[in-house]
Structures are given as C-alpha cells and as structure tokens.
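This report goes through a structure of two chains, starting with how far the prediction can be trusted and ending with how the chains meet. Keep the sequence and the 3D view at hand while reading.

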Amino acid sequence: MKKIKWAVPTFYIIFLMLPIYWLLNMSFKSTTEIINVYSLWPQDFTLDNYKTIFTDSTWYMGYVNSIMYTVFNTIISVSAALPAAYAFSRYKFLGDKHLFFWLLTNRMAPPAVFALPFFQFYSSVNLFDTHIAIALSHCLFNIPLAVWILEGFMSAVPKELDETAYVDGYSFTKFFFKIFIPTIAAGIGITMFFCFMFSWVELLLAKTLTATIAKPIAAIMTRTSSTSGYELGLLAAAGSLTILPGAVVIYFVRNYIAKGFAMGRV
Amino acid sequence: MNKTFNQKAWYFVIPVFVLVAFNAVVPLMTVVNYSFQETFGSNVFAWEGTRWFKQILHSERFHASLGRQFIFTFIILLIQLPLGIAIALTMPKKGWGVPVCLILMSMPLLIPWNVVGAMWNIFALPDIGFLGNSLNSLGFDYNFTQQSGDAWFTTILMDVWHWTSLVVLLSYAGLNSIQPAYYQAAEIDGASRWDVFRYIELPKMKKVLTLAILLRFMDSFMIYTEPFVLTGGGPGNATNFLSLDLVKMALGQFDLGPAAAMSLIYFLIVLLICWVFYSLMMKDEGRK
C-alpha cells in the first residue's frame with residue numbers, strides 16, 4: 001500500500017518534467033541537429049543558443065523588460081491592496097460587498113476583451129510602449145487577486161490585536177506599519193509571489209501594449225519564430241530561460257505555497 | 001469576525017478603486033460604445049442599435065466557438081478535479097518529499113503561457129517531438145497539425161499539464177487544515193478509507209474545491225495564448241476557442257462592432273456563471 005501511494009505523485013511529476021526536459025534538450029542542440037537527428041539527449045552539445053541570447057541586446061533586453069514591468073506591477077498591486085484588504089477585513093461600509101464582487105469581476109474579464117480598448121486607451125494617454133503601461137494594465141487582474149489573498153490572511157488575525165495596540169496608545173499608522181504588517185508578513189510574501197507570477201506569465205496584454213522599447217521576452221520569442229523560419233534551438237533556449245525566475249521565486253515561498261493558492265482562506 | 005460599521009474605510013479602498021476603475025471602466029465603455037455603432041475609420045461612427053448583438057447571437061460562427069469553449073472547459077474540469085484530488089491525497093504529508101513535490105508541481109504554473117504553447121508544440125511535433133515521435137512509433141497515426149482529434153487531445157493534455165497542479169495545491173492546503181483528531185476518531189469508529197474521504201476529507205475540502213472550480217472555470221474559459229501558439233485554432237477551426245475567435249475578429253479583420261458585441265456577450269456569460277459560484281461560496285462562509 002505504501003509503495004502504491006508514492007506511485008501517483010511520482011508519475012505525475014515525471015509527466016510534468018517531460019516537456020520541460022524536451023525543451024532543455026533542444027536548447028543544447030543546434031537547429032540543424034534538432035531538425036535532422038531525433039535523439040533523447042544532445043549528440044553535439046552546444047551552448048551557442050544561450051550565447052546568442054546573452055550577447056544580442058534585442059534578446060536579453062526582453063528579459064530585462066519583462067522583469068521590470070513585473071516588479072513595477074507587484075509593487076503597485078501590493079501597496080494599493082494592503083489598505084483596501086484591511087478595510088474589507090475589519091469594517092463594514094456602504095457598498096462593501098458589491099465593491100468586492102466588482103473587483104473580482106475584473107479577474108473574470110477575458111483579457112481578449114480588453115486587448116483592443118487597452119491599445120487605444122494607453123495610446124491616447126501617451127503610455128503606449130512603456131513598462132508602466134503594462135504594469136498598470138496588469139493591475140486589472142492582479143489588484144483584485146491581491147485584495148482577495150490579503151483579505152484572507154488579514155481576517156485570520158484576531159481583531160484584539162488592533163484593539164490592544166490602540167489601548168497601548170499606538171496611532172493607526174504606527175500600529176499598521178509596526179505591528180500589523182510584520183504580523184501578516186507571510187501573507188504579503190505570498191501575495192507578492194502571486195502578483196509576480198500572473199504578471200510574468202501574461203502575454204496577450206503585454207504584447208498588445210508594446211512595440212519595441214518595452215517588449216517582453218515572450219513577445220520577442222513569437223516574433224523571432226515567425227520571421228526567421230523557426231530557429232528552434234534559439235527558441236528552446238529562450239523558453240528555458242523564462243522558467244528560471246519562476247523557479248527562483250517558488251523556492252522562497254515553498255512552505256507557504258499551498259496555503260497561498262487557497263487564497264489564505266483554508 | 002464581527003466587523004464594525006465605518007464609512008471612513010472607503011478612504012482605504014480609494015487607491016484600489018481608482019487603479020482598477022482606470023483600467024476597467026474606460027476600456028469597458030469603449031467596448032460598449034463600439035458594440036452599438038458602425039465605424040468607418042478616422043473616427044466616424046454611426047448608431048447601429050442592437051444590430052451587432054443580434055448578428056452575433058444568430059451567427060453560426062459564434063455558436064460553434066461557444067460550443068467548443070463549453071466542451072473544452074467541461075472536459076478540463078472533468079479531468080483536472082478528480083486527478084488533482086487524487087494526487088493531493090497521495091502526496092507525502094511530511095518529510096523531504098513535501099517541498100520537492102510542491103516545488104516541482106508548481107513549475108508549470110510559472111512558465112509564461114506562450115512558452116507553454118511553444119514547449120508543447122515542439123514536444124508534440126510528430127517528427128522531432130518526444131510525444132509525437134513516441135506515439136507514432138507505437139503505431140498511432142498522430143499529427144496534431146493535421147487531424148482535429150489529435151489537436152484536441154494535445155490541447156487538453158497541455159492544459160492538464162499546465163493547470164492540474166493548481167487543483168493539487170488547493171486540495172493539499174484543504175487536507176492540511178484537517179486536525180489529526182478527526183482521523184483518530186475515524187479509526188476508532190472503524191471507518192473505511194472511502195468513508196474517511198467521503199465524510200471527513202471531502203467536506204473539509206469543500207471551500208478550496210469551490211475555489212478551484214471557480215478559478216479553473218474562469219481561466220479555461222478565457223484560454224487564449226496556449227492554443228494560439230500550439231495550434232493557432234487549427235486545423236481548420238477545430239480548436240478555435242472563444243478568445244481566439246474574438247481576437248481574430250477584432251485585431252485581424254477589424255470588425256470592431258461585432259467584435260465588441262461578442263466581447264460583451266462573452267464577458268456576461270463568464271460573469272453570470274462566476275456570480276453563481278461566488279454566491280454559493282459566500283453563502284457557505286456566512287453560515288460558519
């Protein structure tokens with residue numbers, strides 16, 4: 001029985017790793033080898049694909065752009081969501097439930113619906129092709145998400161904490177920054193992880209809102225594959241590198257990740 | 001938690017309200033605007049009333065992509081939920097296996113969506129992809145760029161690969177919140193494995209599973225980038241889901257009026273179904 005139990009997750013993980021392995025395998029081959037020889041590991045191991053990416057600025061700037069707007073978005077989303085989540089978790093106010101659902105509806109809006117109006121809107125306010133435009137547009141789904149997760153974590157903190165602090169003579173600002181934020185630090189970390197993640201993986205809006213200067217790596221990949229007739233090796237190397245930032249952030253939140261996915265509401 | 005009534009709480013909500021309204025209200029109004037008008041380029045508009053809505057609601061193309069979308073979402077939920085729960089139940093509960101499982105299983109969730117599409121494309125290619133090559137050498141006639149059945153199979157397999165972990169992580173979090181005392185009590189009562197699952201674990205997971213259904217429904221219903229890169233909606237229109245069709249209409253053909261009307265109908269369908277789920281979820285929470 002014990003042995004069978006291990007089988008399910010093991011098979012699942014093997015299934016998950018196979019396509020990733022295949023991508024890595026291809027990234028160490030030259031494009032000619034990929035097309036001509038079918039092999040489970042590189043016969044003629046090469047680092048040329050990676051070399052191209054790290055020496056050509058149109059390639060590596062894609063990573064810089066992606067990381068820039070992702071970080072902007074994470075900072076904006078979390079700092080705006082913190083006070084709002086506090087309000088939702090501690091107070092009743094006129095229209096609170098409707099407002100909360102309205103926020104969530106934006107997480108439900110298909111990005112395809114917003115692609116064209118976003119293009120026109122951000123062009124008309126002169127933000128087209130800037131990092132801040134993508135960061136702001138990703139707020140559409142990241143802020144509702146951040147409010148939702150943070151509210152879950154904050155509601156788990158007993159209200160007595162607030163009241164004791166006020167009795168002890170703390171002002172609200174002092175309480176919020178000195179006591180409350182350290183208390184829910186794990187929750188904030190998780191929220192940042194989710195904002196980073198959803199901003200990092202989104203492409204439709206990021207691609208629509210950029211032309212050259214702020215173009216994300218994911219969009220550069222699609223462009224290269226269509227113009228120069230599938231440079232598969234290069235494509236595989238670029239793809240493999242996009243997995244890296246995600247893997248790094250997962251490592252930091254590994255102990256909270258399951259609770260985080262449950263939006264702090266377990 | 002009993003909350004106090006305080007209108008000043010609105011001040012805390014203002015930044016979020018402004019940021020989201022900036023992104024949501026203006027573009028949404030643009031869409032509403034287009035949906036009632038005919039464009040002649042260079043900002044000339046003519047009022048069309050509900051013509052586009054009628055056109056979309058009667059168009060076979062829309063019915064077909066909506067149908068495909070519902071079937072796809074239904075299959076996805078049908079596979080991912082039971083599979084996710086099964087994996088969460090069999091995952092190790094303590095020891096070194098926990099972080100290993102969690103990290104490896106979360107990997108697909110953090111890969112940009114078009115990379116997921118591209119990765120599956122080269123993984124499934126019949127000649128140089130591992131999946132395609134293996135299936136063909138096993139005697140299957142597999143080619144996802146030519147045969148619609150294979151295209152569906154590949155798209156579904158890709159989505160299972162990409163998102164089952166979300167269900168696993170949610171269920172795992174739900175299972176972890178069960179006190180050991182429940183299991184001990186079940187053991188004393190001589191409950192079978194199935195009884196433990198049915199009467200202890202499933203009720204405890206109800207909340208996270210509702211969330212899982214909600215998230216999986218929303219995201220699979222909006223799926224765009226992965227099938228766009230993997231199949232491009234093809235072969236023919238076999239995997240042309242709603243978002244793909246919408247973008248083709250709006251950005252490809254510049255049929256702004258019909259595309260806007262379709263956007264609104266699309267959004268309303270998602271909204272309606274999510275509202276039902278959300279109400280159920282909140283009702284449940286209110287009872288506790």
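## Confidence and contact

The model is predicted, and chain B has an average pLDDT of 85, with 95% of its residues scoring at least 70. Confidence varies along chain B, and the table lists the two extremes.

| Element of chain B | Residues | Confidence in chain B | Mean pLDDT |
|---|---|---|---|
| Strand β3 | residues 45-47 | lowest | 75 |
| Helix α3 | residues 60-90 | highest | 93 |

For the complex, the predictor gives an ipTM of 0.85 and a pTM of 0.87.

How many residues does each chain bring to the contact? Chain A supplies 81 residues and chain B supplies 76 residues. On the side of chain A that touches chain B, helix α1 of chain A (residues 2-27) provides the largest share, 13 residues. By type, the residues on this side of chain A are 65 nonpolar, 9 polar and 7 charged.

The two chains also pair through strands. Strand β1 of chain A (residues 91-92) runs parallel to strand β1 of chain B (residues 4-5), and 2 bridges join the pair. Within β1 of chain B, B:Phe5 is the residue opposite A:Lys92.

One helix of chain A can be described in more detail. Helix α4 of chain A covers residues 57-90, which is 34 residues. From its first C-alpha to its last, helix α4 of chain A reaches 49 Å, close to the 50 Å expected at 1.5 Å a residue. Where does α4 of chain A bend? The bend, of about 30°, is at A:Leu82, and the proline A:Pro83 follows within four residues.

Technical notes. Residues are numbered from 1 along each chain as its sequence is written. Chains are lettered from A and ligands numbered from 1 in the order in which they are written. This is a predicted model: local features need pLDDT of at least 70, side-chain atom pairs count only at pLDDT 80 or more; totals for chains, interfaces and linings use all residues. Two residues are in contact if their C-beta atoms, placed from the backbone, lie within 7 Å. Ala, Val, Leu, Ile, Met, Phe, Trp, Tyr, Cys and Pro count as nonpolar, Asp, Glu, Lys and Arg as charged, and the others, Gly among them, as polar. Two strands pair if DSSP finds at least two bridges between them. The expected span of a helix is 1.5 Å times one less than its number of residues. The bend at a residue is the angle between axes fitted to the seven residues ending there and the seven starting there. pLDDT is the predictor's confidence in each residue, from 0 to 100.
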